[in-house]
Amino acid sequence: MLTKYVRRDIRREGLKNLKRRYYLNILIIFVVSVIVNGGYHMATRRFEMPIDSTLNTAMSVMENNGNIENIEDLEKLEDLEKIEKIEDLGDAGLSSTMGLDSNLSNSQILLKFILNVFDIENPPSPESVSTTSAKYYGGVASVFVNEITGSQSFVFGIINGVNEVVFRGRVASSVIIFIFAVISIFLFIFVKNVIVVGKNRYYLEQRRYHDTGPGELLFPYKNKRLKNISTIMLFKYLFQLLWDLTIVGGIIKRYEYLLIPYIVAENPEINRKDAFKISKQLMMGNKYKAFLIDFSFLPWFILSYFTFNLSALFFSDAYIECVRAEMYMRIRNERKDELELALRKWLNDDMLAIDHIEESEHPSGVEVLDIPTVDIHSFKHDYMRKYSFLSLVQLFFTYSLVGWIWEMAFYLATTGQFVNRGTMHGPWLPIYGCGGMLIILLLKPFREKPGQLFLGTVVVCGGVEYFTSWILEKLFDAKWWDYTGYFLNVNGRICFEGLLVFGMAGLAFTYIISPMLDDIYKKVKEKYRWIICIALMILFVLDFIWSMMSPNVGEGITSGLV
């Protein structure tokens, strides 16, 4: 039993385990907290209060018979038009006076109500939000960072998707919402939920094995264990979620299920029912004692609050993990023999239960990750080839055409409008073609090294996009794209997700697409290829001259993607 003296001894042993490998213990819990709890959540969240202030501005303008008193009111109204059409202002204003916000969907209202009732994650006032923490609100990467890192995002993502389709008819936005809801569910089940098991395995090993490495975080992904571990952890989450609805039952079950991640960390082959049974039997009579151990951490939680989480980051979070790992081993060793034989067989990793510290690595540390690798030399087409002039011209126009189609399709899907994207009037976006040519010509020395090729593509294409944006803005005083509000953007000219796509596309172009297209082009007689290339170059030059005199501008072209 976890008596008063045993609990004190557990805390002392946990402190010793923390100090023995302090820096690595701190690093492990920091990485896990970022993955599981959303370490970047508050740094990138988009708050709703600016919308409320915009509506209030609109109401004040309406009360003044439409007179706009200052330029700030005008700017806020322009922001409002991006949120909702101006004809909806009457209802919005009425709702605002009633304490409601008609710009929120039903699921958002429901979520806001729940957060207010339970006083959790209530967004701060606009005055307390720094520029840095409020600026990320656009783009795919921001959706990842803002929504997926939230513990409940996938649930309300699905609800909001249904709400958008059924009640608002925003099909395009709903498709995007559903895509990220699915991605969020996948990450929750196979990453966020199971990385806890890897974290527990690390802390169980490091208490006795001096050379335990950070690779134990990937313990669930070793030797095809992911499916079983993710299933058990998912059921634990779902059962806990249902029991939490009863409040009291949720607290009891939280301690009844407390040891499941540790049991799975000890033996990932265990089946779901036995994992739940073992945890239940081991915690029988120990739930209140485990609660007292958690209660003893209260001063650390308070100190973390007053030190802006610094004390937790550099001490208490890792200390708590060390204590809980020690608590599991104490309970396991004390109650193991009380289990029936069918259950006792699962707790078979006696190397974790040794009473001394080994200066060697635990055998699990040498296991090989069961992650497939790609051999670039197995590709069908010769990616090291030297491209002819005709092939380069054809590839340039192919990439330019594909970029044009992609931009139009994306804008059509997100807005329902068909526009001719790009600076020129023809069916091409030369920035895509230039990027493809630079990858082929400048990055040829890196073709045998995919990692360096990826980074080279990011640098080259990012540079092309940045300076093209700058030159276009200086020449025509207009922006053809603007990533302001996107995650990790630089002056709105380039952003993280764009560079990531460039890097992946560069790999695909180099190893698969360009060699394949080149083989197709070579099947055409050379004289016909010359005719096609000359015709395309003449049309391109004419379009370029025309576009310099009268660039392609207008709604959906120089106003940025919606």
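This is a short walk through the charged pairs, aromatic rings and surface patches of the structure above. Please keep in mind that the model is predicted.

Let us begin with charge. Side chains of opposite charge can pair when their charged atoms come close. A search of the whole structure turns up 21 salt bridges, and a few of them make good stopping points.

Take D244 and R254, which form a salt bridge with their closest N and O atoms 3.1 Å apart. This pair links distant parts of the chain, with D244 in helix α13 (residues 226-244) and R254 in helix α14 (residues 248-256), 10 residues apart. D244 has a relative accessibility of 30% and counts as partly exposed. R254 is partly exposed as well, with a relative accessible area of 44%.

Now move on to helix α19, which covers residues 310-335. Here the side chains of R330 and E326 meet in a salt bridge, at 3.3 Å from N to O. R330 and E326 are four residues apart in this helix, so about one helical turn separates them. Are these two residues buried or exposed? R330 counts as partly exposed because its relative accessibility is 24%, while E326 counts as buried at 2%. Both belong to something wider: D9, R207, E326 and R330 are linked in a network of salt bridges.

Another bridge joins the side chains of E338 and R335, with 2.8 Å between N and O. E338 counts as exposed, at 56% relative accessibility, whereas R335 is buried, with a relative accessible area of 9%.

Next come the aromatic rings. A pair of aromatic rings is described by the distance of the centres and the angle of the planes. The structure holds 27 aromatic pairs. In one of them, Y399 and F509, the ring centres are 4.5 Å apart and the planes meet at 20°, so the pair is stacked; the cut-off for stacking is an angle under 30 degrees. The two rings link distant parts of the chain: Y399 sits in helix α21 (residues 389-415) and F509 in helix α24 (residues 496-521), 110 residues apart. Y399 counts as buried, at 4% relative accessibility, and F509 counts as partly exposed, at 22%. Elsewhere, ring pairs link F235, F239, Y257 and F276 into a cluster.

The last stop is the surface. Which residues form a positive surface patch? They are K4, R8, R12 and K16. You can find K4 in helix α1, which covers residues 4-20. With a relative accessibility of 60%, K4 counts as exposed.

A patch of another kind, a nonpolar one, is formed on the surface by F467, W470, I471, L475, V541, F544, I545, M548 and M549. Together these residues have about 940 Å² of accessible area. The elements that give two or more residues to the nonpolar patch are α23 (450-476) and α25 (526-549). Of the elements involved, α25 gives the most, with five residues. To pick out a single member, look for L475 in helix α23. L475 is exposed because its relative accessible area is 54%, and the cut-off for exposed is over 50%.

Definitions and conventions: Residues are numbered from 1 along each chain as its sequence is written. This is a predicted model: local features need pLDDT of at least 70, side-chain atom pairs count only at pLDDT 80 or more; totals for chains, interfaces and linings use all residues. Side-chain values use heavy atoms; hydrogens and water are left out. Patches are made of residues with over 30% relative accessible area and no salt bridge: like charges are joined within 9 Å, nonpolar side chains (Val, Leu, Ile, Met, Phe, Trp, Tyr) within 5 Å. Accessible areas come from the Shrake-Rupley method with a 1.4 Å probe; for residues, only the protein chains shown count as cover. A salt bridge is a side-chain nitrogen of Lys or Arg within 4 Å of a carboxyl oxygen of Asp or Glu. Buried means under 20% relative accessible area, exposed over 50%, partly exposed in between (1.4 Å probe, protein chains only). Lys and Arg count as positive and Asp and Glu as negative; His and the chain ends are not counted. The place of a charge is taken as NZ of Lys, CZ of Arg, CG of Asp or CD of Glu. Rings of Phe, Tyr and Trp (its six-membered ring) pair if their centres lie within 6.5 Å; planes under 30 degrees apart count as stacked, over 60 as edge-to-face and the rest as tilted.
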